[in-house]
Amino acid sequence: MKAESLAILVLATALFLSGCAQQAAQQNGNGSAQTGNGAIAESKNPQTKTIEITADGFSPGKVTIKQGDTVKWVNNSYETGRWPASAKHPTHTVYPGSGIQKCGTAGQEGIFDACRGIPPGESFSFTFNDKGSWGFHDHTDATKFGQVVVE
Ligand SMILES: [Cu+2]
């Protein structure tokens, strides 16, 4: 009889605790944008900076942004397609997760690589979630390069 009471008490406690844990998880899921770590908090008001791709190269050649901001490369060249991508030519693997070998695969989404020549008048945008100083270049003319600093 006593053992039975104890078993019920243990069961009731376990149910109570699991209920609390579930509630906490739900609150966390709902409030992650506000209560997450600093990396998430900094992207609350994301900005986009534009770099023009001209016949003379990237303009400006260097931009400084905040984590979670986006850089948009616009091809204002009168030439053919321009291909902005992470350093380093020809592998493009310097930015975390990137690499030219992912172009044309399901992994192409979300890598710092246009994976094609951007025609005049069009653009390529990439959102930087990793802090650091990231070199990039024009894969169609690897003598042209620039830098994105993510703070
Ligand atoms: Cu390249």
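Visitor: Which residue is the bridge partner of K49 in strand 4?

Guide: The partner is V71. Keep in mind that this is a predicted model.

Visitor: What makes strand 1 and strand 4 a pair?

Guide: A pair needs at least two bridges between the strands. Strand 1 (residues 48-54) and strand 4 (residues 70-75) have six bridges, so they count as paired. Their sense is parallel. T48, for one, stands opposite T70 in strand 4.

Visitor: How do you know that strand 4 and strand 6 pair, and in which sense do they run?

Guide: Five bridges join them, set against a cut-off of at least two, so they pair. They run antiparallel. Here V71 stands opposite F126 in strand 6.

Visitor: What is the strand order of the open sheet?

Guide: The four strands follow the order 2-1-4-6, with mixed pairing.

Visitor: Why are strand 2 and strand 6 called edge strands?

Guide: Strand 2 (57-59) and strand 6 (123-127) each pair on one side only. From one strand to the next, the twist averages 25°.

Visitor: Which residues have the most contacts inside the largest nonpolar core?

Guide: They are V71 and W73. This core has 19 residues. Strand 1, strand 4, strand 6 and strand 7 (132-138) each give two or more residues to it. The largest share, three residues, comes from strand 4.

Visitor: What does W73 touch, leaving out residues up to four places away in sequence?

Guide: W73 touches I51, I53, P84, I118, S123 and F124.

Visitor: Why is H137 called buried?

Guide: Count the other C-beta atoms within 10 Å: H137 has 21. The cut-off for buried is 20 or more. H137 meets it, so H137 is buried. This residue is found in strand 7.

Visitor: How do you know that H137 touches H89?

Guide: H89 is listed among the contacts of H137. A contact requires C-beta atoms, placed from the backbone, within 7 Å. The C-alpha atoms of H137 and H89 are separated by 7.4 Å, but the contact rule uses C-beta atoms. Along the chain, the two residues are 48 residues apart. Not counting residues up to four places away in sequence, H137 also touches A85, A87, A142, K144 and F145.

Visitor: What is the average pLDDT of the chain?

Guide: The average is 81, and 72% of the residues score at least 70. Over residues 5-38 the pLDDT is below 50. Beyond near neighbours in sequence, that stretch has three contacts in the model.

Methods: Residues numbered from 1 in each chain as written. Predicted model: local features only at pLDDT ≥ 70, side-chain atom pairs only at ≥ 80, totals over all residues. Axes fitted to C-alpha atoms, helices over the stretch in contact; angles between N-to-C directions. pLDDT = per-residue confidence, 0-100. Contact = placed C-beta atoms within 7 Å. Core = buried A, V, L, I, M, F, W, Y, C linked by C-beta atoms within 7 Å. Buried ≥ 20, exposed ≤ 12 C-beta atoms within 10 Å, placed from the backbone.
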